[in-house]
Amino acid sequence: MEPDGGLDNACERARKWILDRGGVTSIPSWGKTWLAILGIFEWSGCNPMPPEFWLLPSYFPVHPAKMMCYCRIVYMPMSYLYGKKFVGTITPLIQQLREELHVEPYNEINWSTKRHLCAKEDLHYPHTLLQILLWDGLYTFSEPLLNRWPCNKLREKALKVTMDHIHYEDESSRYITIGCVEKTLCMLACWVEDPNGIHFKKHLARVVDYLWLAEDGMKMQSFGSQVWDASFFLQALLASNLSDEIGPTLKKGHDFLKNSQVS
Ligand SMILES: *[C@@H]1O[C@H](CO)[C@@H](O)[C@H](O)[C@H]1NC(C)=O
Ligand SMILES: *[C@@H]1O[C@H](CO)[C@@H](O)[C@H](O)[C@H]1NC(C)=O
């Protein structure tokens, strides 16, 4: 769409909203990540997500295994893409978006000053001083080090271990992962690793599991909720007192739940 396109100038109004808030640099961290991937933001404007996190020993007080799954599995592919500093092809459209969505000329933006920015509408919980200090420390000291010899060897190893974890999550969920945020990021990470590889192809085959066409357009489910849905269906069927007539269905449902247990 053109910058002023869409129904009732939707694009123009959306862009005004963004520019009134200091441009797209005020987007929250996940948005910064996706824009950096697209090439509308720089990775140096993102707070570090070092893949070395996946190398920490399990007895460490802070460790991926001690994080909630949704948080852990979102940051897993993000840290891979961050560690690779992956950026898609800069097409004329991307260049145009760079002009449309920022308030300053793209090449003059001081990225390091944008890392902590977040529009007040998107700030669910203000960053604590500890968080800011941790990020600034990682940004100023460890990132430059980890991108230079000899520490870049550690980064290579960390990227490999992170990718192993991504493949493990993909295989154990049969490429559905645990939600659409994780799914798209894991799929992209697999593509970055090898665009012709089997992992990316297997991911592609499960995209349709997330999509459905509703009366008002294409939708994407947040979560692969088959287990959740099946358990509600089964409860409803049991409440109907028709168990005598629907035995085979209940049995299939039970088998499905049993086979779907992911620990
Ligand atoms: C970016 O901003 C920081 C902090 O204000 C400053 O120290 C640095 O010199 C600036 N970089 C450039 C290239 O202007
Ligand atoms: C199913 O049976 C129970 C126990 O007999 C009864 O309380 C309940 O109302 C019945 N449910 C339906 C939907 O008929």
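**Exercise 1. Place Y175 and describe its backbone and burial.**

*Solution.*
Step 1: location. Y175 is found in the loop between helix 6 and helix 7 (180-193).
Step 2: backbone. This is a predicted model. In it, Y175 has a positive phi of about 65° although it is not a glycine.
Step 3: burial. The relative accessible area of Y175 is 5%. Buried means under 20%, so Y175 counts as buried.

**Exercise 2. Do the same for D8.**

*Solution.*
Step 1: D8 lies in the segment before helix 1 (10-20).
Step 2: its phi is positive, about 50°, although D8 is not a glycine.
Step 3: D8 has a relative accessible area of 61%. The cut-off for exposed is over 50%, so D8 is exposed.

**Exercise 3. Summarise the fold and its overall numbers.**

*Solution.*
Step 1: count the elements. The protein has ten helices and two strands.
Step 2: order them. Along the sequence the pattern reads α-α-α-α-α-α-α-α-β-β-α-α.
Step 3: take the extents. The C-alpha trace spans about 70 × 55 × 40 Å along its principal axes.
Step 4: check burial. Of the 263 residues, 33% count as buried.
Step 5: check the surface. The protein exposes about 16,400 Å², and carbon and sulfur atoms supply 63% of that area.
Step 6: check contact range. Take contacts between residues at least 6 apart in sequence; 65% of these join residues at least 24 apart.
Step 7: check charge. There are 27 positive and 30 negative side chains, and the centres of the two sets lie 7 Å apart.

**Exercise 4. Classify the ring pair W43 and Y82, and say what the pair ties together.**

*Solution.*
Step 1: set the scene. Searching the whole structure gives seven aromatic pairs.
Step 2: choose the descriptors. A pair of aromatic rings is described by the distance of the centres and the angle of the planes.
Step 3: apply them. The ring centres of W43 and Y82 are 5.6 Å apart and the planes stand at 85°. Planes over 60 degrees apart count as edge-to-face, so this pair is edge-to-face.
Step 4: locate the partners. W43 lies in the loop between helix 2 (29-38) and helix 3 (69-84), and Y82 lies in helix 3, so the pair ties together parts that are 39 residues apart in sequence.
Step 5: check cover. W43 is buried at 6% relative accessible area. Y82 is buried at 2%.
Step 6: look for a charge. The charged end of K85 sits over the ring of Y82, 4.1 Å from its centre.

**Exercise 5. Classify the pair W228 and F232.**

*Solution.*
Step 1: the rings of W228 and F232 are 6.5 Å apart, centre to centre, with 40° between the planes; the pair is tilted.
Step 2: both residues lie in helix 9 (residues 226-239), four residues apart, about one turn of the helix.
Step 3: W228 has 53% relative accessibility and counts as exposed. F232 is partly exposed at 48%.

**Exercise 6. Which residues form one aromatic cluster, and which ring does R21 sit over?**

*Solution.*
Step 1: the cluster is made of F41, Y106 and W111.
Step 2: the charged end of R21 sits over the ring of W17, 3.8 Å from its centre.

**Exercise 7. Where is the cis peptide bond at P150 located?**

*Solution.*
Step 1: the cis bond joins W149 and P150, with omega about 0°.
Step 2: P150 lies in the loop between helix 5 (129-146) and helix 6 (152-172).

How values were computed: Residues numbered from 1 in each chain as written. Chains lettered and ligands numbered in written order. Predicted model: local features only at pLDDT ≥ 70, side-chain atom pairs only at ≥ 80, totals over all residues. Heavy atoms only, no water. Buried < 20%, exposed > 50% of the residue type's maximum accessible area, 1.4 Å probe, protein only. Contact = heavy atoms within 4.5 Å. Areas by Shrake-Rupley, 256 points an atom, 1.4 Å probe, with all protein chains shown as cover. Lys, Arg positive; Asp, Glu negative; His and termini not counted. Charge placed at Lys NZ, Arg CZ, Asp CG, Glu CD. Phe/Tyr/Trp six-rings, centres within 6.5 Å; stacked < 30°, edge-to-face > 60°. Lys NZ or Arg CZ within 6 Å of the ring centre and 35° of its normal.
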